[in-house]
Amino acid sequence: MTSWRYALRHVLHALSTLVFVLAFNFFLFRLVGDPVTLLTRSSLHLDPKEQQALREELGIDQPVPIQFVNYMGDTVTGELGQSFASGRPVSEVIGSRLWPTILLVGTATLFSTVIGLWIGIRGAWRRGSAFDTTSLFGSLVFYSMPEGWLGMMLLIVFAGALGWFPAGGYQSVEPLTGFAHIADVLHHLFLPALTLTLGYLGEYAIIMRSSLLEVMGEDFVQTARAKGVRDRDVRRRHAVPNALLPTFTLVFYSFGFILGGAVIVETVFSWPGIGLLTFQAIDSLDYPVIQAVFLLFSAAVIAFNLVADLLYGYIDPRVREA
Amino acid sequence: MKGMRRASLVLAATVLIVVGLAGAGFGQSASPDEKITFRVGLQNDIVSPNPFKACCSAEYEMMLLNYNMLFGFKREDLTPVPELATECTPSSDAMTYTCNIRDDVMWHDGEQLTSRDIAFTYRFIIDNELSVFTDYLPYNPTFETPDDTTLIWKSEEPTFAPTLPPYIPIIPEHIWAPLDGKPAKQIKGFENIPAVGSGPFQLVEWEPDQFFRMEARPGNLFGTSTIDEVVYQIFQNKEAEVQALRAGQIDYAYDLSPTLYKSLQGVENIKTLHDSPSYYTNFAWNFGGQGPDADPHPAIHDLALRQAVAHATDKQAIVDVVWQGAALTGDSILKPSNGFWYLDIPQADEYDFNIDEANQILDDGGYTERTPDGIRIDPKSGEPLSFDILPVTDQEGATETAELMKGWMEQIGIEFKLRPVSESKAYVEWEAGTFDAYLWSWGGDPDPDFNMSIYITSQCLGWSDGCYSNKTLDDLYAEQRTTFDKDERKQVVDEFQRVAYEEVPEMVLAYPQILSAYRTDRFEGYVRSPADGSPIFAWRVDSYMNLKPVTAATEDSGGGVSAGPWLIGIAVGGLALAAGAVIMKRRRSEEDEA
C-alpha cells in the first residue's frame, strides 16, 4: 500500500469515528434525565409555565431530531452553547479548566514516560538483577494500585501529617503574582502529579521491559553481539529502537487522554481541571458541558491515535505494507 | 539511547527551572501578609455570586455576610429581630404593614440605603418572576415609600409575611435597576462581582471550585470585625478538608462525616463541635397523582400499612449505625433548630420499634395471605407488598439506612427492592411518580411555614415529596397562616406536627448534626447561634464579627504551608538523583569499555 493511501485510509477512519462519537454523545446523555426537572426541584422551583419557558430558553423544547440537527450544526461552527448549571458559555467554562489539566496530566505523562521507559530498559537489560526484581515488583504494585487510594494516602501523609504540601487546590488563596504564583502552583501540583506519575509509570516500565526482552532474543541482536559490538551500543542502536515500537503506541495513546483529565485524582486533590468538570457536569446533567467535554476528549484520543498510526507507518514500513 | 539522554536532560532542566522558580517565589512570599484571614473549608462552592441563582448553604452564607435583610434572627431562638427595619407595625386587618427603615446604612460603594431599595428589591423579584424568593412575598403585595425611612407593605390578604421574615437579601437599586424587565436569563447571568451590598463583608473574588473571598467592610450595622477577610476554600472530598485543618491550611472545617469527625477528637489545637440539627432525613411514601406514569403501590394509601412500617423501623439503630451517634432520632416534621416551633412528640405517642406489633397491625389489616417467598399480599389489589424504594445516593446515609430498613421489613413480610439513584435521577423519578418511596432529606427556615407546606395538597409537583393529600393538614396549614398571635399559632403548628406524625405520609428518620472542627490556635471568639447551634453557617454573623486571632499564634500556623523551601528540597533531591545517575552511567561505560 502506498504511503498516501495508507494516510488517507487512517484520516478517513478518524473522521468517521469522530462523527460517530458526536452522534453517540448527543443521544447517550439524553437518556439520563431532564435537566429542567433537576433545576426545578433543586434551585428554581418553577411552575409548569416557567418550566416550559426554561425549556425554550435552553433549546430543549424542540423534538429530539431537530435538537440533534441544531447540535451538529452548532458544533461544526464551534458554537458549544451555554452551561445549564452556570449559564456561562461552554467554551469559557472548558477554557478555564484546560490549563490545569494539561499541566497536571501533561507533567505526569512526561515524567512517567521517561522514568517508566528508563526502568523498563534497565530492568530488561539486566534481567534477574536486584534492580530488575525490585523495579518489576514496584511497577506491578503501582500499576495495580487504585489511583484514588494512592492519592489519598499521599495526601494524608504529606499534606495532613507532615504538612509539606497543600491538601488540595490549584493555588493558594493568598493573592500571589509572578514567580511566587508559579512556585505556588508547582507546590500544589506536586502531590497530584506524583500520584498520576506513580500510577502511570508501572505500565510503561512493564511494557518496555517485556518488549525489550522479546527483542533481546532476536537474531539481529545476537548477530550484533557476535560481531563484537559493545554491549551499550547493542542496546542503544539495535535493541531499544526496535523495542520502542509498542511503547510508542502506548505513549501516544496516553497523550490522547491528557485532555480528558484525571477524574479521580482531580477529585481527591480538588484540582480544578477537565476531569473534575466532567464529574460535576454529569452530576448536574449539564448536557452542553458534558457533550463538549466528551467531544474534546474523544477528538484528542482520535487525533493522537491518528498521529500514532501515521508515524507508526513511517517508522515501521511493515505496518504500512500490511 | 539518544532519546533517553535527551529526556534525562529535560528532566534535569525541569528540576533546575523548579529550583529557580522556587527560589524566586520563596523570596517574594517572604514579605509578611498582614491581613487577618479566616479560612473556612467547604465541600460545596457557590453556584453563582448572583443571589437570584441561590441554591444551597454556601450561597446563603455568602448572602448573609454580603447583604442585609428587612429582619434578621434572634440569637437565642431565631425568632425575627430588627435589621434594616427597626419595626414593622401591622394594621388591624394585617393587610398593611408600615415599616421604619434605618437611615444609617450605606452600600459598599458609599451610597445611602433607603426604603426605596427595599421596595425595589421586592418588586424586582415579583415583576421578574425570580422564583427563588417569590414564596416570601405572598398575596400580590405592593410597596410604597413615602420617604427614605418608611416602607408600606400592602397585601391582598391578611399575612405576617413581612415579619416572617422574608429571607431576601436587599439589593441596591442603583446597581440592579438597568436589569429590571430584562429576561430572567440576563438577570441571573449578571456576574455581580464585586457584589455591592450593605453587609459586614463583600464578595470580591470567586475562583469557581477553588475559593471565594469576602473582604470586611467597616461601618455596617453590625459594627467592625477584627478579621480582614473570610476565604472559603472548596474541597472536593471531606478527607482532604480534614487534612488541611490538621496541617493548619484552614482554620475551620465545616460539615464532616462522623468517621472523620471522630478522627479529630483529642487532636492538639483542634476542637470538634456538633450543632443542633437543622435538617432531617426522611422516608417519604409516594401517593401518586404526579402524572400518567405515576404507579405507586396501592397499599401505600392504607394507614395501617404505613403504621406497621413505622413500628418496624428502628430509628435508634439508624442513629447508632448510620450516623455513629451524631444525630437525634427523628419524629416531628420540623427540626430541633426550629426551636420554639418544634414539637418533640411525646414518647407515649411515638411509633416505637416493635416487630410483633407491626406484624399484628398487618394481620389485623387483612394482610394475612403470603406469596411462596413469605411476602404478604395486599387483600384489596392482590399485589404482594413489594415496594420500589429509592435511596438517594447523594444524601449521606440514605443507602445504609435503606439497607437496614430492608432487613427489618423482611421480618414483617414486606419486601423492599432498593434502587439507589443519584440526586439528578431522583428528580426525574420524583416528577414522574415512578417509585413507591424514597430516602432523602429536608432543611428549611427557622419559621415553620415552609416545612409545613411540603405536606399540603396544592404542593403536588411543587415541594411535596409524594403528592400526599390530607384535608386536616391543608386546613391547619391555612389556619396557621392567618393566626397572628404567636402562642395561638404555635398550638396550630403543634397540631399539624401531631397529625403529620400519626398519618405517616413520611417518616422523619433522624436529625443529623452538622459536624465541624476548628483550630483553637488561630482564632477565638466563636459564637454559636442559637446556644447549641453552629458558629458559622447559622442564621447570624456573630462569629465573623467576634473572631480575634489567638495572640500566641505562630507564623507557621497562620499561613498554611510555604512553597519555597519544599520545592528547593525536591529540586535538591532531584539533582542528587540525577548526579547519582550520571556517576553510575560513567561507571557502567567504563565497565563496558573494560
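1. Starting with chain A: its secondary structure amounts to 14 helices and 0 strands. Reading from the N terminus, you go through α-α-α-α-α-α-α-α-α-α-α-α-α-α. Keep in mind while you look around that this is a predicted model.

2. Chain A has 322 residues, and 43% of them count as buried. Take the contacts in chain A with a separation of 6 or more: 72% of these come from residues 24 or more positions apart.

3. A good residue to click on in chain A is Leu196(A), which sits in helix α8 (residues 178-216). Leu196(A) counts as buried because it has 25 C-beta neighbours inside 10 Å, and the cut-off for buried is 20 or more. Leaving out residues up to four places away in sequence, Leu196(A) touches Leu104(A), Val105(A), Ala108(A), Glu147(A), Ala262(A) and Val265(A). Trp4(A) lies 192 residues from Leu196(A) along the chain, and their C-alpha atoms are separated by 38 Å.

4. Now for chain B, which is divided into three parts: domain 1 (2-66 + 183-276 + 515-549), domain 2 (71-179) and domain 3 (280-512). Where domains 1 and 2 of chain B meet, 20 residues come from domain 1 and 23 residues from domain 2. On the domain 1 side of that contact, helix α6 (residues 184-188) of chain B gives the largest share, with 3 residues. Sorted by class, that side of domain 1 has 11 nonpolar, 6 polar and 3 charged residues.

5. Chain B also has an open sheet of 4 strands, ordered β4-β5-β7-β6, and the pairing is antiparallel. Strands β4 (85-90) and β6 (142-147) of chain B are at the edges with a single partner strand each, so each has one side without a neighbour in the sheet. On average, and ignoring direction, neighbouring strands here are turned by 20° against each other.

6. Within that sheet, strands β5 (residues 96-101) and β7 (residues 150-154) of chain B run antiparallel and are joined by 5 bridges. To find your way between them, start at Thr98(B), whose bridge partner in β7(B) is Ile152(B). Packed on the sheet is helix α3 (residues 115-127) of chain B, which touches β5, β6 and β7 of chain B. The direction of helix α3 makes about 165° with that of β6(B).

7. Next, some backbone geometry to check in chain B. Most peptide bonds are trans. The bond joining Ile193(B) and Pro194(B), however, is cis, with omega about -5°. Pro194(B) is in the loop between α6 and β8 (201-207) of chain B. Another cis bond runs from Ser529(B) to Pro530(B), with omega near -10°. You'll find Pro530(B) in the loop between β20 (523-524) and α17 (542-546) of chain B.

8. Phi deserves a look too, since most residues other than glycine have a negative value. Asn140(B) has a positive phi, near 45°, and is found in the loop between α4 (131-134) and β6 of chain B. With 10 C-beta neighbours inside 10 Å, Asn140(B) counts as exposed. The phi of Asp209(B) is positive as well, near 65°. Asp209(B) belongs to the loop between β8 and β9 (211-216) of chain B. Is Asp209(B) buried or exposed? It is buried, because 21 other C-beta atoms lie within 10 Å.

Conventions. Residues numbered from 1 in each chain as written. Chains lettered and ligands numbered in written order. Predicted model: local features only at pLDDT ≥ 70, side-chain atom pairs only at ≥ 80, totals over all residues. Pairing = 2+ DSSP bridges. Helix = DSSP H or I, 4+ residues; strand = E, 2+ residues; numbered from the N terminus. Axes fitted to C-alpha atoms, helices over the stretch in contact; angles between N-to-C directions. Contact = placed C-beta atoms within 7 Å. Buried ≥ 20, exposed ≤ 12 C-beta atoms within 10 Å, placed from the backbone. Domains from an automatic or database assignment. Nonpolar A, V, L, I, M, F, W, Y, C, P; charged D, E, K, R; others polar.
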